[in-house]
Amino acid sequence: MKIAVLASLIASAAAFVPAQQKAISSTAINALSDMPGATMPWKGFDPLGLATLGSESTLAWFRASELKHSRVAMVATTGYLVQAAGCHFPGMLSHDVSFESLSTMKPFDAWTAVPSEGQAQIIGTIFLAEIISESKGVHYTKGGPMTTIVFPPIDFSSVDADKMKSKQDSELNNGRLAMIAIMSFVAAANIPGSVPLLDGNPMF
């Protein structure tokens, strides 16, 4: 009798699990569709179901990560293209390294040529910006706003909501393209022939 009662209780509890998981999945998908960046032609594109992993805080963390990586990729892609075009600052980076000499190198070689003190300053600045952006007010995983640009600080509070949504969509879509671009640049620079369109380019 006890075994039968226990079995019925387990079966009753198990009956609620799929429904609960379905509800969480549905809520996550709806939340994803309402977030900036959910644009055509693949609105709510999430083939791996990452939006259904964890809670709303997890989804917010994923979005913040995508946003940060998008911004970094856009800066990296622009920097790579500027470097490849031979544009550079005047003068010397250090007592024995000029900006002009760096402009003649591939970006990864140029990074290696930067003195260790300069590399430390760059990495330290990035670390400081990350700390500042993660320490502002209520954290985004707890319902706070997404991370903003640390420098220069820009106030978007007066921007129309619809216009702001359009700009956020553009930022994320451009960032996604930039992530693909910089990954292609990195592949082309390290694996000859991996990106046919860049094959033979002296900067890759």
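**Exercise 1. A charged pair within one helix**

Find where E66 and R63 lie in this predicted model, and work out how far apart they are in sequence and how their side chains meet.

*Solution.* Begin with the position of the two residues: E66 and R63 are both part of helix α2, and a separation of 3 residues, about one turn of the helix, lies between them. Next, look at the side chains, where E66 and R63 form a salt bridge whose closest N and O atoms are 3.1 Å apart. Side chains of opposite charge can pair when their charged atoms come close. Finally, follow the charges beyond this pair, and a network of salt bridges appears that links R63, E66 and R176.

**Exercise 2. The surroundings of R63**

Decide whether R63 is buried or exposed, and list the residues with which R63 is in contact once its neighbours within four places in sequence are left aside.

*Solution.* The relative accessible area of R63 is 8%, and the cut-off for a buried residue is under 20%, so R63 counts as buried. With the neighbours within four places in sequence left aside, the residues in contact with R63 are M35, P36, M146, L172 and R176. Of these, R176 has already been met, as a member of the salt-bridge network that also holds R63 and E66.

**Exercise 3. Two further salt bridges**

Compare the pair R71 and E171 with the pair D169 and K165, asking for each pair which helix or helices the residues come from.

*Solution.* Take R71 and E171 to begin with: their side chains meet in a salt bridge with an N to O distance of 2.7 Å. This pair links distant parts of the chain, since R71 belongs to helix α2 and E171 to helix α6, 100 residues apart. As for accessibility, R71 counts as partly exposed at 21%, and E171 likewise counts as partly exposed, at 22%.

Now turn to D169, which forms a salt bridge with K165, the closest N and O atoms being 3.0 Å apart. Here both residues lie in helix α6, 4 residues apart, which is about one turn of the helix. D169 is buried, with a relative accessible area of 12%, whereas K165 is partly exposed at 29%. To place these pairs in context, the count for the structure comes to 6 salt bridges.

**Exercise 4. The largest nonpolar core**

Name the residues of the largest nonpolar core, and state which element gives the most to this core.

*Solution.* The core has 10 residues in all, namely A73, Y80, A178, I182, F185, A188, V195, L198, M203 and F204. The elements that give two or more residues to this core are α2, which spans 56–84, and α6. Of the elements, α6 gives the most, with 4 residues.

As a further step, examine Y80, whose contacts, leaving aside neighbours within four places in sequence, are P107, F108, I182, F185, A189, M203 and F204. Among these partners, I182, F185, M203 and F204 also belong to the core.

**Exercise 5. Residues at the surface**

Determine which residues make up the nonpolar surface patch, and which helix gives the largest share of the patch.

*Solution.* The patch is made by W111, I122, I123 and I126, and its area is about 390 Å². Helix α5, residues 116–134, supplies the largest share, 3 residues. One residue of this helix is I126, which counts as exposed because its relative accessibility is 55%, and the cut-off for that class is over 50%.

A second exposed residue is G200, with a relative accessible area of 69%, and G200 is found in the segment after α6, the helix that covers 161–190. From C-alpha to C-alpha, G200 and A188 are 9.6 Å apart in space, while 12 residues separate them in sequence.

**Exercise 6. The chain as a whole**

Describe the make-up of the protein chain: how many helices and strands does the chain have, and what share of its residues counts as buried?

*Solution.* The chain has 6 helices and 0 strands, and from the N terminus on its elements run α-α-α-α-α-α. Of its 204 residues, 22% count as buried. The accessible surface comes to about 14100 Å², and carbon and sulfur atoms account for 68% of that surface. Lastly, among contacts with a separation of 6 or more, 58% come from residues 24 or more positions apart.

Terms used. Residues numbered from 1 in each chain as written. Predicted model: local features only at pLDDT ≥ 70, side-chain atom pairs only at ≥ 80, totals over all residues. Heavy atoms only, no water. Buried < 20%, exposed > 50% of the residue type's maximum accessible area, 1.4 Å probe, protein only. Core = buried A, V, L, I, M, F, W, Y, C linked by side-chain atoms within 4.5 Å. Contact = heavy atoms within 4.5 Å. Areas by Shrake-Rupley, 256 points an atom, 1.4 Å probe, with all protein chains shown as cover. Patch = residues over 30% accessible without salt bridge, like charges linked within 9 Å, V, L, I, M, F, W, Y side chains within 5 Å. Salt bridge = Lys/Arg side-chain N within 4 Å of Asp/Glu carboxyl O.
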